[in-house]
Amino acid sequence: MKRVRVVVVGAGVVGFSTAVCIAEALPFCSVTLLADEFSPNTTSDGAAGILFATEFPDIPLEKQKRWFADSFDHLLAVAQSQHSPEAGVMLSSGWQIFKEVPANKKPFWSESVIGFRFMTDRELKRFPDHKFGQAFTTIKCECSSYLPWLEKRFRRAGGLVEQRKISSLEELSNSYDIIVNCSGLGAKALVGDDKVYPVRGQVLKVEAPWLQHFIRDSDGKTYIYPGIHSVTVGGTRQEDDWRLQVDEGDTESILMRGGRLEPSLSKAKVLSKWVGLRPSRRNPRVERELVELQGRRVPVVHNYGHGGWGVTLAWGTGLDALGLVRQCLHEMPLQAKL
């Protein structure tokens, strides 16, 4: 019986998470990961990588809860293992603050994080412009360490890695039996998805070892996330903005807004400035289809469009993508497996 050939396109956190899920669960498959860019040159590398989520409008809430819980449990196990330093995964405690009291004070992910509670009036005094806050412990996953660690794990499971630019699925149709599309923003060109669009994010890495707790303004634009080697300060959310150059006006705005929440940032040394384009979509696309490629119908599993929530949801949607690959295998004609 010949091995079923699976290819995963994309080497960001969604691509590598999905590839590891498939390679470890299906050892009878030959799994190859293809991408034109790898760490440290992926969008995931610059992500703050802290786990909480937004609510997508058209996906059942139970599914979103499962995606979050699966990702959280996976990364919590890493954070509590000997792999934590190498993988760049750590526990992180802090606050999310709101200028107005939200309609939903307890978000769907509050059951998965650790010690979720509302902030006290005493805690909120520190943020006079804000009326409500949530305190909890979550996970910070630093992809500049996590992606190389996932790649090692993928190779240990027998996975193959190839650096190559793919312009169309047709290029893959003769070499692989199942295509898994984790191409992020690249899906716009690769599969003609006009629903995916960039949201430009600019962040700073600063040296501020005295900061131990994260602070996130609920607007998602202003945040301070202490990490293992530096503190990530952000940010911007600029829709349909393809600029990859650092904007010094944004740098000044980030430092000013961050300084309002944490005055000691004025003493922090800026180590680096980074820009990335989040692969955003109204809803992430996690589904399968049969695509006519060079005269044969090839199963394609899609897993992309996570926006700024790639690290948060990657393992959960990766497990769903694995389930879709299993369905493809089950429905494959017997001769394709022989």
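This is a short tutorial dialogue on reading a predicted protein model.

Student: What should I know before I start reading?

Tutor: This is a predicted model, where local features need pLDDT of at least 70, side-chain atom pairs count only at pLDDT 80 or more, and totals for chains, interfaces and linings use all residues. Residues are numbered from 1 along each chain as its sequence is written, and side-chain values use heavy atoms, with hydrogens and water left out.

Student: How do I check a helix, say α3?

Tutor: Start with the terms: helices (H or I, at least four residues) and strands (E, at least two) are DSSP runs, numbered from the N terminus. The expected span of a helix is 1.5 Å times one less than its number of residues. Helix α3 covers residues 61–79, so its 19 residues should span 27 Å, and the end C-alpha atoms are 26 Å apart, which agrees.

Student: Which residues of α3 are buried?

Tutor: Buried means under 20% relative accessible area, exposed means over 50%, and partly exposed is in between (1.4 Å probe, protein chains only). In α3 the buried residues include W67, F68, H74 and L75.

Student: H74 is in helix α3. What does H74 touch?

Tutor: Contact means heavy atoms within 4.5 Å. Not counting residues up to four places away in sequence, H74 touches Y146, R153 and W315. H74 counts as buried because its relative accessible area is 10%. There is also a polar contact, 2.9 Å, between the side chains of H74 and Y146. For that term, we need a pair of N or O atoms within 3.5 Å; within protein, one must be able to donate a hydrogen and the other to accept it, and residues adjacent in sequence count only if both atoms are side-chain atoms.

Student: How far apart are H74 and G316 in sequence and in space?

Tutor: They are 242 residues apart in sequence, and 8.8 Å apart in space, C-alpha to C-alpha.

Student: What is a nonpolar core?

Tutor: In soluble globular proteins, nonpolar side chains tend to be buried together. A core here is a set of buried Ala, Val, Leu, Ile, Met, Phe, Trp, Tyr and Cys residues joined through side-chain atoms within 4.5 Å. The largest one has 68 residues, and F68, V89, W109, Y146, I178 and V180 touch the most other members. Helix α9 (residues 310–331) gives the most to this core, with 10 residues. Another core, of 18 residues, lies apart from it, with L124 and F127 among its members.

Student: How does strand β7 fit with other strands?

Tutor: Two strands pair if DSSP finds at least two bridges between them. Strand β1 (residues 4–9) runs parallel to β7, joined by 4 bridges, and V8 has V180 as its bridge partner in β7. On to β15: 3 bridges join this strand to β7, again running parallel, and V180 stands opposite V301. Both faces of β7 (residues 178–181) are covered, with I178 and V180 buried on one side and I179 and N181 buried on the other.

Student: Which backbone angles should catch my eye?

Tutor: Most residues other than glycine have a negative phi, and most peptide bonds are trans. Here, the peptide bond from S39 to P40 is cis, with omega near 15°, and P40 sits in the loop between β2 and α2. The bond from G234 to G235 is cis too, with omega near 0°. As for phi, D240 has a positive value of about 55° although it is not a glycine, and D240 is exposed, with a relative accessible area of 52%. Q294, in the loop between β14 and β15, has a positive phi near 50°.
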